[in-house]
Amino acid sequence: MSASPPSPADEILDIVDEHDRVVGQAPRGEAYAQGLRHRCVFVLARDAEDRIFVHRRTPTKLVFPSLYDMFVGGVVGAGESYDEAALREAEEELGVSGLPRPVPLFRFLYEGGADGRQTWWSAVYEVRCTLPVRPQVEEVAWHDFLPEAEVERRLDSWEWVPDGLDAYRRLRAHRAG
């Protein structure tokens with residue numbers, strides 16, 4: 001009899017304060033349920049034609065199920081660096097290996113949700129992916145590489161993950177200087 005794979009809710013995360021200093025650890029499910037601040041990475045993946053990887057999350061995701069996202073990424077595991085998490089998450093979600101190291105752009109504190117209990121330090125990256133992608137079926141219900149102008153046109157008509165939309169707007173402001 002084989003053991004079942006660990007649940008994402010059981011993954012141990014570093015819990016951080018408002019200055020991004022580690023103050024403890026907790027399972028992901030507990031961190032979400034109690035609104036404990038943790039760390040996440042957002043990686044904007046572009047193909048050789050400079051199009052952006054966009055996907056729709058599966059309905060089984062712990063947060064923001066079935067919503068669209070223009071980033072790949074996720075939580076930073078306990079003891080893991082932002083840079084390590086960015087590469088791991090990008091390769092996992094795109095279904096590739098040998099991706100170049102994502103380029104760090106900036107960090108921000110995301111605070112969202114109706115009750116303000118969704119809060120995480122967020123590191124935004126960009127990476128060029130010229131490899132054929134094979135996204136995880138457990139994570140990605142639909143995907144495509146879209147020209148940035150098409151992503152911009154869809155901002156008001158598709159239901160996007162709120163933290164990704166916030167990160168994208170901050171990325172536009174970051175680029176504008």
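Reader: Which residues have the most contacts inside the largest nonpolar core?

Author: Before the case itself, please keep in mind that this is a predicted model. The general idea is that, in soluble globular proteins, nonpolar side chains tend to be buried together. Here the largest nonpolar core has 31 residues, and those with the most contacts inside it are Val54, Met70, Phe71, Val151 and Trp160. Strands E1 (12-16), E3, E4, E7 and E8 (118-128), together with helix H4 (162-176), each give two or more residues to this core, and the largest share, 4 residues, comes from H4. A second, separate core has 23 residues, among them Val72, Ala85, Leu109 and Tyr125.

Reader: If I pick out Val54, which residues does Val54 touch, not counting residues up to four places away in sequence?

Author: Leaving out residues up to four places away in sequence, Val54 touches Asp69, Met70, Trp142, His143, Asp144, Leu146, Val151, Trp158 and Trp160.

Reader: Why is E4 described as largely enclosed by the rest of the structure?

Author: A strand can be read by asking how many of its residues are buried, which here means under 20% relative accessible area. In E4, 5 of the 6 residues are buried, so this strand is largely enclosed by the rest of the structure. Its pairing can then be followed from strand to strand: E4 and strand E9 (residues 140-146) are antiparallel partners over 6 bridges, with Arg57 standing opposite Val140 in E9. E4 is also joined to E5 by 2 bridges, and these two strands run antiparallel, with Arg56 opposite Tyr68 in E5.

Reader: How many residues lie between E1 and E2 in their hairpin?

Author: In this hairpin, 5 residues lie between E1 and E2, and Asp20 in the turn has a positive phi of about 70°. The two strands pair in the antiparallel sense over 5 bridges, and Ile12 stands opposite Pro27 in E2.

Reader: Where is Asp50 found, and what is the sign of its phi?

Author: Asp50 is found in the loop between E3 and E4, and its phi is positive, about 70°, although Asp50 is not a glycine. With 38% relative accessibility, Asp50 counts as partly exposed. Ser66 can be read in a similar way, for Ser66 is not a glycine and has a positive phi of about 65°. Ser66 lies in the loop between E4 and strand E5 (68-69) and is partly exposed, with a relative accessible area of 24%.

Reader: Is Tyr110 buried or exposed?

Author: Tyr110 is buried, because its relative accessible area is 4%, and its place is in strand E7 (residues 103-112). To see what surrounds such a residue, one looks past its neighbours in sequence. Leaving aside those within four places, Tyr110 is in contact with Gln118, Thr119, Trp120, Ser122, Pro162, Asp163 and Asp166. Tyr110 and Asp163 are 53 residues apart along the chain, yet their C-alpha atoms are separated by 6.8 Å.

Reader: How much space lies in the largest pocket?

Author: About 650 Å³ of space lies in the largest pocket. Of the 31 residues that line this pocket, the closest to its centre are Arg28, Lys61, Gly73, Glu93 and Glu139. Among the elements that give two or more residues to the lining are helix H1 (28-34), strand E6 (72-75) and helix H2 (82-94). A lining can also be read by the kinds of residue in it, and this one divides into 13 nonpolar, 6 polar and 12 charged residues.

How values were computed
Residues numbered from 1 in each chain as written. Predicted model: local features only at pLDDT ≥ 70, side-chain atom pairs only at ≥ 80, totals over all residues. Heavy atoms only, no water. Buried < 20%, exposed > 50% of the residue type's maximum accessible area, 1.4 Å probe, protein only. Contact = heavy atoms within 4.5 Å. 1 Å grid on protein atoms, 1.4 Å probe; cavity = no way out; pocket = protein on both sides within 12 Å on 5 of 7 lines; lining within 4 Å. Points joined across faces, edges and corners; volume = space filled by probe spheres on them. Nonpolar A, V, L, I, M, F, W, Y, C, P; charged D, E, K, R; others polar. Core = buried A, V, L, I, M, F, W, Y, C linked by side-chain atoms within 4.5 Å. Pairing = 2+ DSSP bridges.
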